[in-house]
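Please find below my notes on the model, set out as numbered points. They begin with the sheet and end with the ligand.

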Amino acid sequence: GGAKAICVTVDMPTLGDRRRQMRAGFKIPDALATPYFNDRNTGLFKIGGSPKRAILTWPDVEWLRSLTALPIVLKGILDPEDAELAISSGADAIVVSNHGARNLDTLPATIDALPAVAERVAGRIPIIIDGGIRRGTDVLKSIALGATAVMIGRPYVYALALGGSDGVRHCVDLLRREFETAMALTGRTSIGEIDRSLIW
Ligand SMILES: Cc1cc2nc3c(=O)[nH]c(=O)nc-3n(C[C@H](O)[C@H](O)[C@H](O)COP(=O)(O)O)c2cc1C
């Protein structure tokens, strides 16, 4: 029982300009508000004149590290330099993520950001990737470009809305089957055999 890891989202010092949410009048209740991460250590942002406290900084990751033996996963890394800082702050894994491209427009696709991050990390810690994983082939390509694992956001949410827990199981089964098919069709019998040479 209990938590197996702690995942800290580090790509959201504040909420992005979410036009569709604004038009729909969507609001997250204050009670659900989570601390924001600010990697410049300034501690304070001013947006629209109102100061916003950025509660989390790199030293806070080190502090969290000192509190727990659980693996710490930092979610929302795109820059190899930040991957390096994550490792030196004690992270056990990182998630290459652009927050589902729903926070800051014009960010690169995570699959394009992955190779440089993987090169810098050089196998020291696992790299997870998310953003646009929709088919088993997306999983295959992610691993080929240096990911250890992938995560999904919207696919399981859609599956949940349509089919409840059975729907989520079905979603994961589909991805697994597509992934295994893609492995077979590229002649890979184990995940360890999935390397960059697979990319056309
Ligand atoms: C409705 C919704 C809510 C989300 N809320 C959070 C959140 O609270 N914290 C977080 O780190 N990421 C959040 N994300 C981003 C996801 O964790 C994930 O990075 C992203 O959805 C992956 O991209 P994909 O949806 O293309 O698979 C949210 C995404 C969606 C669609």
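1. Two strands are taken to pair if DSSP finds at least two bridges between them. With that cut-off in mind, strand E6 (residues 127-129) and strand E7 pair in the parallel sense over two bridges, and within this pair Ile 129 stands opposite Val 150 in E7. Please keep in mind throughout that this is a predicted model.

2. On the overall make-up, the protein contains six helices and seven strands, and its elements run β-α-β-β-α-β-α-β-α-β-α-β-α from the N terminus on. Of its 200 residues, 36% count as buried.

3. The pair described above belongs to an open sheet of five strands, whose order is E1-E4-E5-E6-E7 and whose pairing is parallel. The edge strands are E1 and E7 (149-150), each of which pairs on one side only. As general background, the strands of a sheet pair through backbone hydrogen bonds, in either a parallel or an antiparallel manner.

4. Strand E4 (residues 72-77) deserves a point of its own, and one may ask how many of its residues are buried. Six of the six are, so E4 is largely enclosed by the rest of the structure; the reasoning rests on the cut-off for a buried residue, which is under 20% relative accessible area. Four bridges join E4 to strand E1 (residues 6-9), the two running parallel, and here Ile 6 stands opposite Ile 72. Another parallel pairing, again of four bridges, joins E4 to strand E5 (residues 93-96), where Leu 74 stands opposite Ile 94. The connection from E4 to E5 involves helix H3 (residues 80-88), and these three elements make a right-handed β-α-β unit.

5. The loop between E5 and helix H4 (110-121) holds His 99 and also Ala 101, and the backbone of both should be checked by eye. Most residues other than glycine have a negative phi. His 99, although it is not a glycine, has a positive phi of about 60°, and Ala 101, likewise a residue other than glycine, has a positive phi near 55°. Are these residues buried or exposed? His 99 counts as buried because its relative accessibility is 15%, which is under the 20% cut-off, whereas Ala 101 counts as exposed because its value is 57%, which is over the 50% cut-off.

6. Asp 17 lies in the loop between E1 and helix H1 (19-24), and it is exposed, with a relative accessible area of 57%. Asp 17 and Arg 102 are 85 residues apart in sequence, yet their C-alpha atoms are 8.5 Å apart in space.

7. Turning to the ligand, which residues come nearest? Of the 14 residues around the ligand, they are Thr 9, Asp 130, Gly 132, Arg 134 and Arg 154. By class, the shell is made up of two nonpolar, seven polar and five charged residues.

8. Individual contacts can be inspected in the structure. A polar side-chain atom of Thr 9 lies 2.5 Å from an oxygen atom of the ligand, and one of Asp 130 lies 2.6 Å from a ligand oxygen atom. His 99, the buried loop residue with the positive phi, places a polar side-chain atom 3.4 Å from a nitrogen atom of the ligand. The protein covers 67% of the 610 Å² of accessible area that the ligand has on its own.

Terms used:
Residues are numbered from 1 along each chain as its sequence is written. This is a predicted model: local features need pLDDT of at least 70, side-chain atom pairs count only at pLDDT 80 or more; totals for chains, interfaces and linings use all residues. Side-chain values use heavy atoms; hydrogens and water are left out. Buried means under 20% relative accessible area, exposed over 50%, partly exposed in between (1.4 Å probe, protein chains only). A crossover is right-handed if, with the strands pointing away from the viewer, the path from the first strand over the helix to the second runs clockwise. A residue is near a molecule or strand if one of its heavy atoms lies within 4 Å of it. A polar contact is a pair of N or O atoms within 3.5 Å; within protein, one must be able to donate a hydrogen and the other to accept it, and residues adjacent in sequence count only if both atoms are side-chain atoms. Accessible areas come from the Shrake-Rupley method with a 1.4 Å probe; for residues, only the protein chains shown count as cover. Ala, Val, Leu, Ile, Met, Phe, Trp, Tyr, Cys and Pro count as nonpolar, Asp, Glu, Lys and Arg as charged, and the others, Gly among them, as polar.
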